[in-house]
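Trainee: Please take me closely through the metal site of this model, and then through the core and the helix that you consider worth reading alongside it.

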Amino acid sequence: MIQDIVVYPDKRLKQISKEVTQFDETLHTLLDDMYDTMVSKKGVGLAAIQIGVAKRVLIINLPEDDNDDVVIKKEDTLEIINPIFLSKEGSCKHQEGCLSIPGFYEDIERAKKVIMEYQDRDGVKHTIENDDFLAIALQHEHDHLEGKVFVEKLSILKRKKFEKEWKKKYK
Ligand code: CO
(Lines give C-alpha, C1' and ligand atoms only; values in the text may rest on other atoms or scores of the structure.)
Protein backbone atom coordinates (compact mmCIF):
# COMPACT_ATOMS: atom_id res chain seq x y z
CA MET A 1 0.00 0.00 0.00
CA ILE A 2 1.26 3.46 -0.89
CA GLN A 3 2.12 5.47 2.24
CA ASP A 4 2.72 9.19 2.77
CA ILE A 5 6.32 10.33 2.46
CA VAL A 6 7.80 12.20 5.42
CA VAL A 7 9.04 15.51 3.99
CA TYR A 8 11.97 17.63 5.20
CA PRO A 9 12.28 19.27 7.75
CA ASP A 10 9.95 16.84 9.59
CA LYS A 11 11.66 15.89 12.89
CA ARG A 12 11.09 12.18 12.28
CA LEU A 13 13.85 12.27 9.66
CA LYS A 14 16.31 12.96 12.52
CA GLN A 15 15.40 9.77 14.38
CA ILE A 16 17.98 7.02 14.61
CA SER A 17 16.28 3.87 13.38
CA LYS A 18 16.21 0.70 15.48
CA GLU A 19 17.57 -2.70 14.57
CA VAL A 20 15.09 -5.24 13.24
CA THR A 21 14.82 -8.39 15.37
CA GLN A 22 11.65 -9.97 13.98
CA PHE A 23 11.66 -11.12 10.36
CA ASP A 24 7.93 -11.58 10.26
CA GLU A 25 4.77 -10.53 8.44
CA THR A 26 5.00 -6.97 9.85
CA LEU A 27 8.44 -6.57 8.27
CA HIS A 28 7.26 -8.01 4.97
CA THR A 29 4.28 -5.63 4.86
CA LEU A 30 6.63 -2.74 5.62
CA LEU A 31 8.93 -3.77 2.74
CA ASP A 32 5.99 -4.11 0.35
CA ASP A 33 4.58 -0.72 1.39
CA MET A 34 8.01 0.85 0.93
CA TYR A 35 8.23 -0.61 -2.58
CA ASP A 36 4.75 0.61 -3.57
CA THR A 37 5.51 4.08 -2.18
CA MET A 38 8.92 4.34 -3.84
CA VAL A 39 7.62 3.26 -7.23
CA SER A 40 4.62 5.61 -7.02
CA LYS A 41 7.04 8.53 -6.55
CA LYS A 42 9.49 7.24 -9.17
CA GLY A 43 12.25 6.97 -6.60
CA VAL A 44 15.22 4.59 -6.74
CA GLY A 45 15.69 4.20 -2.99
CA LEU A 46 13.74 4.56 0.24
CA ALA A 47 14.43 4.15 3.95
CA ALA A 48 11.66 3.06 6.34
CA ILE A 49 11.80 6.34 8.28
CA GLN A 50 10.70 8.10 5.09
CA ILE A 51 7.29 6.53 5.63
CA GLY A 52 7.54 7.17 9.36
CA VAL A 53 8.85 3.79 10.55
CA ALA A 54 12.10 4.03 12.56
CA LYS A 55 13.48 0.60 11.64
CA ARG A 56 16.82 -0.20 10.02
CA VAL A 57 15.27 -1.09 6.68
CA LEU A 58 16.01 0.30 3.24
CA ILE A 59 15.23 -0.64 -0.33
CA ILE A 60 16.94 0.22 -3.59
CA ASN A 61 15.83 -0.41 -7.15
CA LEU A 62 18.05 1.03 -9.84
CA PRO A 63 16.16 0.65 -13.13
CA GLU A 64 17.93 -1.21 -15.88
CA ASP A 65 18.34 0.94 -18.94
CA ASP A 66 17.93 -1.58 -21.74
CA ASN A 67 17.22 0.15 -25.06
CA ASP A 68 15.40 3.26 -23.74
CA ASP A 69 12.99 0.94 -22.00
CA VAL A 70 13.25 1.64 -18.31
CA VAL A 71 11.75 -1.38 -16.65
CA ILE A 72 11.23 -1.58 -12.91
CA LYS A 73 10.77 -5.05 -11.57
CA LYS A 74 9.91 -5.82 -7.97
CA GLU A 75 12.16 -8.87 -7.97
CA ASP A 76 15.14 -6.61 -8.75
CA THR A 77 14.59 -4.67 -5.54
CA LEU A 78 17.36 -4.91 -3.00
CA GLU A 79 15.79 -5.28 0.43
CA ILE A 80 18.38 -4.38 3.04
CA ILE A 81 17.85 -4.87 6.74
CA ASN A 82 20.27 -4.01 9.57
CA PRO A 83 23.05 -2.89 7.19
CA ILE A 84 26.62 -2.42 8.38
CA PHE A 85 29.45 -1.00 6.28
CA LEU A 86 32.44 -3.33 6.40
CA SER A 87 34.50 -0.89 4.36
CA LYS A 88 34.35 2.41 2.49
CA GLU A 89 37.11 3.44 0.10
CA GLY A 90 37.99 6.33 -2.17
CA SER A 91 35.74 9.22 -3.02
CA CYS A 92 33.49 10.44 -5.81
CA LYS A 93 30.89 13.09 -6.49
CA HIS A 94 27.46 12.41 -7.88
CA GLN A 95 24.19 14.28 -8.10
CA GLU A 96 21.70 13.14 -5.46
CA GLY A 97 18.07 13.72 -4.76
CA CYS A 98 15.69 12.44 -2.09
CA LEU A 99 11.96 11.70 -1.99
CA SER A 100 11.84 13.55 1.36
CA ILE A 101 13.31 16.66 -0.30
CA PRO A 102 11.39 16.64 -3.58
CA GLY A 103 12.70 18.71 -6.46
CA PHE A 104 16.13 19.44 -4.97
CA TYR A 105 19.29 17.94 -6.49
CA GLU A 106 22.91 18.59 -5.68
CA ASP A 107 26.35 17.04 -6.09
CA ILE A 108 27.42 15.17 -2.96
CA GLU A 109 30.76 13.63 -2.09
CA ARG A 110 30.70 9.97 -1.05
CA ALA A 111 32.99 6.99 -0.81
CA LYS A 112 33.58 5.35 -4.20
CA LYS A 113 33.62 1.72 -3.14
CA VAL A 114 31.69 0.13 -0.31
CA ILE A 115 31.27 -3.32 1.16
CA MET A 116 28.13 -3.81 3.22
CA GLU A 117 26.76 -6.65 5.28
CA TYR A 118 22.99 -6.89 5.72
CA GLN A 119 20.07 -9.24 6.24
CA ASP A 120 17.28 -9.97 3.79
CA ARG A 121 13.54 -10.22 4.59
CA ASP A 122 14.04 -13.70 6.01
CA GLY A 123 16.96 -12.67 8.21
CA VAL A 124 19.60 -14.35 6.02
CA LYS A 125 22.94 -12.54 6.00
CA HIS A 126 24.49 -11.25 2.76
CA THR A 127 27.46 -9.16 1.73
CA ILE A 128 27.33 -6.69 -1.13
CA GLU A 129 30.22 -4.93 -2.81
CA ASN A 130 29.87 -2.04 -5.26
CA ASP A 131 31.78 0.91 -6.70
CA ASP A 132 29.08 2.32 -8.95
CA PHE A 133 25.79 4.18 -8.48
CA LEU A 134 24.56 1.48 -6.12
CA ALA A 135 27.40 2.36 -3.71
CA ILE A 136 26.12 5.94 -3.60
CA ALA A 137 22.52 4.84 -3.09
CA LEU A 138 23.57 2.55 -0.22
CA GLN A 139 25.36 5.42 1.51
CA HIS A 140 22.46 7.84 0.95
CA GLU A 141 19.86 5.41 2.32
CA HIS A 142 22.08 4.31 5.21
CA ASP A 143 22.36 7.97 6.26
CA HIS A 144 18.56 8.00 6.72
CA LEU A 145 18.89 5.19 9.29
CA GLU A 146 21.28 7.46 11.22
CA GLY A 147 18.84 10.37 11.10
CA LYS A 148 20.72 12.24 8.40
CA VAL A 149 19.64 13.69 5.07
CA PHE A 150 21.92 14.54 2.15
CA VAL A 151 21.56 18.32 2.43
CA GLU A 152 23.55 18.08 5.68
CA LYS A 153 26.57 17.28 3.51
CA LEU A 154 26.36 20.54 1.57
CA SER A 155 28.84 23.38 2.13
CA ILE A 156 27.61 26.06 4.57
CA LEU A 157 26.88 28.45 1.72
CA LYS A 158 24.96 25.93 -0.36
CA ARG A 159 23.08 24.78 2.73
CA LYS A 160 21.98 28.34 3.53
CA LYS A 161 20.82 28.85 -0.03
CA PHE A 162 18.90 25.57 0.09
CA GLU A 163 17.21 26.37 3.44
CA LYS A 164 16.11 29.76 2.12
CA GLU A 165 14.66 28.28 -1.07
CA TRP A 166 13.02 25.43 0.84
CA LYS A 167 11.28 27.78 3.28
CA LYS A 168 9.88 29.75 0.38
CA LYS A 169 8.60 26.60 -1.25
CA TYR A 170 7.01 25.02 1.85
CA LYS A 171 5.43 27.94 3.66
CO1 CO B 1 16.76 10.10 0.75
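Mentor: The account below begins with the metal site, passes to the nonpolar cores and ends with one helix.

The model is predicted; local features require pLDDT of at least 70 and side-chain atom pairs pLDDT 80 or more, while totals for chains, interfaces and linings use all residues. Numbering runs from 1 along each chain as its sequence is written, and side-chain values use heavy atoms, without hydrogens or water.

A cobalt ion is held by the SG atom of C98 and the NE2 atoms of H140 and H144, at 2.1 to 2.2 Å. Donors here are N, O and S atoms within 2.8 Å of the metal (3.2 Å for Na, K and Ca); water is not among the atoms, so a site may look incomplete. Along the chain, the donors of the cobalt ion have the spacing C-x41-H-x3-H. Because C98 belongs to the loop between β6 (92-96) and β7 (106-110) and H144 to helix α2 (residues 133-145), this pair ties together parts 46 residues apart in sequence. Helices (H or I, at least four residues) and strands (E, at least two) are DSSP runs, numbered from the N terminus. C98 is buried at 9% relative accessible area, as is H144 at 1%; buried means under 20%, exposed over 50% and partly exposed in between, with a 1.4 Å probe and protein chains only.

Helix α2 also takes part in the largest nonpolar core, of 18 residues, where I60, L78, I80, I128 and L138 have the most contacts. Such a core is a set of buried Ala, Val, Leu, Ile, Met, Phe, Trp, Tyr and Cys residues joined through side-chain atoms within 4.5 Å. Two or more residues come from each of β2 (57-60), β5 (78-89), β8 (113-119) and α2, and α2 gives the most, with five. Apart from this core lies another, of 14 residues, including L31 and V57.

I128 is in contact (heavy atoms within 4.5 Å) with L78, V114, I115, M116, Y118, L134 and L138, leaving aside neighbours within four places in sequence.

Helix α3 (residues 156-169) contains K158, which is partly exposed at 42% relative accessibility. In α3, F162, E163 and W166 are buried. These three cover an arc of only 100° around the axis, which puts them on the same side of α3; the arc is taken over directions from the helix axis to the C-beta atoms. On the other side of α3, L157, K160, K161, K164 and K168 are exposed.
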